[in-house]
Amino acid sequence: MAREWRDSGKFPRVTLCDFEIRVLGNVHRHTVQCVLVINMFTEKIFIFLWLWMLLLAFSTAINLLAWTISLSLSSYKQAFIEKSLGVESEDVQKFVDKYLRTDGIFALQMLSSHAGSLMCTCVVQALWRRFLKQSGKLPPTVVASTSDHEEDKNQSWRGDRGGGADVAPKFPISTHFV
């Protein structure tokens, strides 16, 4: 039995009110129709909340669909890693499918969206170097001299310890393999 929302009784706008009036020692009982103004406001608030929840459910479904597509299609996963690495190689497909797999790509995409693409790029490059090392394809790297390490020990990267506050850590910006 579907009833119209105005007749459902959830937020009655009009009801019957009983009250008593004393006139010259006599008590007169009256029943009158009363308007419940607060229920009119409550009804509007609940309509807004219902529409808001509907909008959130719709946007969540679209977001879930987008994440599912981006994690299920191999071309999207490979393009994401190639963009982070700046490398186009036949090994990238093996790196994506065998080393990172879907959960690794998901974690990297979450890292990229929450910590930024720079942090994600650093992590992807470190994982790429580890993958190349395990597969035996890592080319010879430049070894830092001991004077560089002594210089880093004497300088602080944070300003609260004094000295060298403007010096940034030395990270490899990009890794290119031929």
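# Briefing on helix H3 and its surroundings

Gln109 is found in helix H3, which spans residues 91-115. The structure discussed here is a predicted model, and its protein has 5 helices and 2 strands. Read from the N terminus on, these elements follow the order β-β-α-α-α-α-α. The points below start from Gln109 and move outward to the helix contacts, the nonpolar core and the aromatic rings.

**Overall make-up**

- The protein has 178 residues, of which buried residues make up 17%.
- Among the contacts in the protein with a separation of 6 or more, 47% come from residues that are 24 or more positions apart.

**Gln109 and its neighbours**

- Gln109 counts as buried because its relative accessibility is 12%, which falls under the 20% limit for that class.
- When residues up to four places away in sequence are not counted, Gln109 touches Trp67, Ser70, Leu71 and Phe80.
- Phe80, one of these neighbours of Gln109, belongs to the H2 side of the contact between H2 and H3, and Gln109 itself is listed on the H3 side.

**Helix H2 against helix H3**

- The axes of helix H2 (residues 74-85) and helix H3 come within 9 Å of each other and cross at roughly 80 degrees, so the two helices are roughly perpendicular.
- On the H2 side the contact is made by Ser74, Lys77, Gln78, Phe80, Ile81, Glu82 and Leu85, while H3 contributes Val92, Gln93, Phe95, Val96, Asp97, Leu100, Thr102, Ile105, Leu108, Gln109 and Ser112.
- Sorted by class, the residues of this contact of H2 with H3 divide into 9 nonpolar, 6 polar and 3 charged.

**Helix H1 against helix H2**

- Helix H1 (residues 37-72) and helix H2 have axes that come within 5 Å and cross at roughly 80 degrees, and H1 and H2 are therefore roughly perpendicular to each other as well.
- In this contact, Ile69, Ser70, Leu71 and Ser72 of H1 meet Ser74, Tyr76 and Lys77 of H2.
- By class, the contact of H1 with H2 comprises 3 nonpolar, 3 polar and 1 charged residues.
- Ser70 and Leu71, which take part in this contact from H1, are also among the residues that Gln109 touches.

**The largest nonpolar core**

- The largest nonpolar core holds 16 residues, and those touching the most other members are Ile81, Leu85, Phe95, Leu108, Val124 and Trp128.
- Two or more residues of this core are given by each of H2, H3 and helix H4 (117-135), and H3 gives the most, with 6 residues.
- Ile81 and Leu85 of H2, together with Phe95 and Leu108 of H3, also appear in the contact between those two helices.
- As general background, nonpolar side chains in soluble globular proteins tend to be buried together.

**Aromatic rings**

- The count of aromatic pairs comes to 6.
- Phe95 and Tyr99 form one such pair, which is stacked, with 5.6 Å centre to centre and 20 degrees between the planes.
- Both residues of this pair, Phe95 and Tyr99, lie in helix H3 and are 4 residues apart, about one turn of the helix.
- Phe95 is buried, since its relative accessible area is 0%, whereas Tyr99, with a relative accessible area of 24%, is partly exposed.
- Phe95 and Tyr99 join Trp128 and Phe131 in one aromatic cluster, and Phe95 and Trp128 are also among the core residues that touch the most other members.

Notes
Residues numbered from 1 in each chain as written. Predicted model: local features only at pLDDT ≥ 70, side-chain atom pairs only at ≥ 80, totals over all residues. Heavy atoms only, no water. Buried < 20%, exposed > 50% of the residue type's maximum accessible area, 1.4 Å probe, protein only. Contact = heavy atoms within 4.5 Å. Axes fitted to C-alpha atoms, helices over the stretch in contact; angles between N-to-C directions. Parallel < 35°, antiparallel > 145°, perpendicular 65-115°, else oblique. Nonpolar A, V, L, I, M, F, W, Y, C, P; charged D, E, K, R; others polar. Core = buried A, V, L, I, M, F, W, Y, C linked by side-chain atoms within 4.5 Å. Phe/Tyr/Trp six-rings, centres within 6.5 Å; stacked < 30°, edge-to-face > 60°.
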